[in-house]
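Please look over the sequence and the model together before reading on. The paragraphs below then go from the whole chain to single helices and residues.

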Amino acid sequence: MKKSKGIVILLCVLLLLAGITYVDVNGIDPAGTASASDIKLGLDLAGGVSITYQVVGEEEPDSTDMADTISKLQKRVENYSTEAIVYQEGSDRISIEIPGVSDANAILEELGKPGSLYFIAETDEEGNANYSLQAVTDENGDMAYEYVLNKTLEELEAEGSIVLVGTDVQDARAGAATDSMGNTTYVVNLTMTQEGTQKFEDATRNAYNKGETLGIYYDGSFVSVPAVNGVFTDGNAQISPMESYEEAENLASTIRIGGLKLELEELHSKVVGAQLGVEAIETSLKAGAIGLLIVMVFMIVLYFIPGVASAIGLGMYVALIVLLLNGFDMTLTLSGVAGIILSIGMAVDANVIVFARIREELATGKTVRSALKIGFDKALSAIVDGNITTLIAAGILLILGPGTIRGFAQTLALGIVLSMFTALVVTRYVLQALYAIGFKSEKWYGVSREKKPIDFLSRKGIFFGASLAVIAAGLIVMGVYKVNTGDALNYSMEFQGGTATTVTFQESMTLEEVNDQVVPLIEEVTGSTVQIQTVQDSNEVIFKTNSLDTSQREALNEMFREQFQVDENQITSETISSTISSEMKTDTLLAVALAIVCMLIYIRIRFSDIRFGISSVAALLHDVLVMLAFYAVVRMPVGNTFIACILTIVGYSINATIVIFDRVRENMAVMTKKEDLKEVVNKSITQTLSRSIFTSLTTYIMVGVLYVLGVTSIREFALPLMVGIVSGAYSSVCIAGALWYVLRTKFPPKEKK
C-alpha cells in the first residue's frame, strides 16, 4: 500500500513537472494567458519604444525645472514598466524609453501631452456654461455622453475661467477611504502648491456657492468633472468615488504628468531594438540551461537519491518561475536574471542544508525514514531565517527602490518564495515517494563522517588582515583615480551621462553586424564602451558612449564617412544625461540602508543576540567593499548591472552567514562544560563547511557558464558576480563567525541573576 502511494506521489510530481515544462517550451495555454513567450522583456533584452520630447516656448529651460519634469515623467512611465527610463538629451529635450511595447502611437496617445492640465470653472462670471454634457458618437458608432468645452482654451484663459493649471498641483496620489456607511471607496488625494492653495480655495468657494462642478481638462478632453462639496482652504482635497484603485491611480498619474512645470511636445518617436541583441539572449538561455544541467548532475553525483529529488525540484522551480513571471506581468531584464540566479543558488543551498542534516542523522544510527523527517525539521530554521532575511531586503527594495531596482526585487522575491517551496515541499515529497517505491537503503543517501573541527578562529588575525589589505588596496586605487581622473570608479553613461550619436547607414544592419563591424572601431576612436540601439524599419542606429569632446566627435564622424560612406548630414550627436538620476541613487542607498536595518532587527529577534546581527552586517559590508575594490582595480564599467550585482551579493552573503550562525546557536544550546566557546564556533563552521563550499560552487557554476558563453556585456555582468560569490563564501566562513566570537568575548552578555 505504501509503495503504491509512493508511486502515485512520484508520478503526480513528474506529470506536473512535465505539464509545466510542456507549456513552457510550446507556449500553449487554453486560456491564452500563460505562454512563456509572452514574458515581458526589458530594453536590454527586447527593446521597446523611444520617444523624444522638446520643451515648448523656452530657449534654455531651467535645469531645476528639467530635473523635476524628468522625475515626474519617470514615475508616470513606470506604470507601463518598472524598467522604463527617462533622461535628458541636449539642453531642451527629454527622452523616454519604455520596454516591451512596439506601438509608439498607442503609448503617445495614452501618455498624452505633458504639461497641459487645466482646472476649469463650470460657468463664467455671467453664468454662461464653459463646458456641458453632450451626446457624442464613438469610433464604433455608438452614442455616449461626455463633457465637451463650449469655448476655446484661449477664450477661457482670457475671461479667467481657467482657475488653476497643472503647476499649481504639488502631488496627486491614489488612495482608499471609508465612507459614512463604513464602505471602502477609492479616491485621488490632491495636494496644492503654496500658490495653488489660495487659487484652489477661491475656485472651490465659487463652485460650492453656485452648486457647480470643477472640470479637470487634460490634453484635449475632460479626465474628471467632480462635484465640489465644500471650500478647501488647506490645499488638500479628494476626488471620489472612483470605481477601482486602477482608475484612481490612472487619474492621479494623469494629473501628475499634466502638472509638469515645462510643457513638452513630441519631437519624434521610434521603436528600438534590444540593446544586447538576439545573440546575447540566446547565449544567456543556453548558458542557463547548461549551468542548470551541470548543477543537477553535480547534486545527483554528490547526494545520490536526494540529488535526484533536488534535480526534480530545480526543474520544477525553473518551470514555475517562467510561468509566474508571465502571470505576474513582470519585466525581465539582465538585473532580473541576477535575481533568478541568486534564488536558484538559494534553492540549491536549502537542499544542501537538508541533505547534510539527513546524513548526520544517519551517522547517529537513525533509520532512513527517521533521518528524512529529522533532517528536514532541523534544517527548517536555517532555511527560513536565511531566506526571510533576503526576502526582507527584497521587500524593502520593492517598496522604496527606484524602478529598475524594483524589477530586480520582484524577480528576487518571487524566486525566494519559489525556492523555499520547491526545497521544502517538492523535494520532500519526491524524497518520500522515492523512499516508498523502494529506495530505503542507507547507501542511496550517504552517511556523513565525523569531521575534526578546523581551527578557523586561531587564524582570525590572518583573515582579518587579508580582508583589510584587499579593501585598503581598493580604497587607495579609488583615491588615486579620483585625484587623476575625477572619478573613483569607471562610471558608465548610466551613471554620468554621455553622448548619443545617431547614424543613418546606407543599408540596414542587424545588431550583430553592428557589434562585429562598427563597435570595435567606435571603441578604438573614443576609448569608451558602447551601447547600441537599432531603429525598426530604418537604417538608423543609435550609439551611446561616454561623453565625447569636439575632437572625439569629429574623429568619430570621420570614421563613419571613411569606413561606411555615411553622409555627414546623416550623423547627429546629442549630450544625454545619466539614466540613473541622483534621486534614484539616493532612493537606492536609502532602501539598501533600511533593508540592512530591518535584517539586523530580524536577526536580533530570532537569535536573541545583537552580536549575530552586527557580525552578519559586517560580513555583508565586507563583500560590498571587496566588490568595489574589484571594480576599482579592474576598471570594470559601473552601470545598471553594478547595482544588480551588489544587491545580489548582499542577499547571497547574508544567507550564507545566517546558516553558520544558526548552527552556532544550536550547538551553544547543547554545549558541555568541557567545551569552550571557541570550540563551538570552530565546530559549527566545520559542520556547515560542505554547505558553504557546495552552495558557492553550484552558484559559481551557473554564473561561470554565463561568463564563458556570454557576449561582452553579459561577461561584464557575470565576472563581478563570480568575484562576489567567492567573497561571500570567504566572509561567511572566515570572517563572520570569528567576528562574532571577538564581540562575544570582548562584550560578554550580562549574567542572569
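What follows is a guided reading of this structure, beginning with its overall make-up.

This is a predicted model, in which local features need pLDDT of at least 70 and side-chain atom pairs count only at pLDDT 80 or more, while totals for chains, interfaces and linings use all residues. Residues are numbered from 1 along each chain as its sequence is written, and side-chain values use heavy atoms, with hydrogens and water left out.

The secondary structure of the protein comes to 22 helices and 19 strands, where helices (H or I, at least four residues) and strands (E, at least two) are DSSP runs numbered from the N terminus. Of the 753 residues of the protein, 52% count as buried; buried means under 20% relative accessible area, exposed means over 50%, and partly exposed lies in between, with a 1.4 Å probe and protein chains only. Among contacts (heavy atoms within 4.5 Å) between residues at least 6 apart in sequence, 77% join residues at least 24 apart.

Helix 16 (residues 550-564) is a good place to look in detail. Helix 16 has 15 residues and reaches 21 Å from its first C-alpha to its last, close to the 21 Å expected at 1.5 Å a residue, the expected span being 1.5 Å times one less than the number of residues. Which residues of helix 16 are buried? They are L556, N557, M559, F560 and F564, and, seen down the axis of helix 16, the buried residues fall within an arc of 155 degrees, so they line one face of the helix; the arc is that of the directions from the helix axis to the C-beta atoms. On the other side of helix 16, T550, E554 and E562 are exposed. The buried residues of helix 16 pack against strand 16 (498-504), helix 15, strand 18 (540-545) and strand 19 (571-576), and just after helix 16, Q565 takes a positive phi of about 55 degrees.

The pairing with helix 15 (residues 511-526) can be followed further, since helix 15 and helix 16 pack at an angle of about 150 degrees with their axes 10 Å apart. Here axes are lines fitted to C-alpha atoms, for helices over the stretch in contact, and angles run from 0 to 180 degrees between N-to-C directions. Helix 15 contributes Q517, V518, L521, I522, V525 and T526 to the contact, and helix 16 contributes Q552, A555, L556, M559, F560, Q563 and F564. These residues divide into nine nonpolar, four polar and no charged, with Ala, Val, Leu, Ile, Met, Phe, Trp, Tyr, Cys and Pro counted as nonpolar, Asp, Glu, Lys and Arg as charged, and the others, Gly among them, as polar.

Helix 18 (residues 610-634) has 25 residues and reaches 36 Å from its first C-alpha to its last, close to the 36 Å expected at 1.5 Å a residue. Of these 25 residues, 18 are buried, so helix 18 is largely enclosed by the rest of the structure. Just after helix 18, R635 takes a positive phi of about 60 degrees.

L743, in helix 22 (residues 712-746), is buried with a relative accessible area of 17%. L743 touches R611, I614, S615 and P748, not counting residues up to four places away in sequence, and its C-alpha lies 9.1 Å in space from that of I614, although the two are 129 residues apart in sequence.
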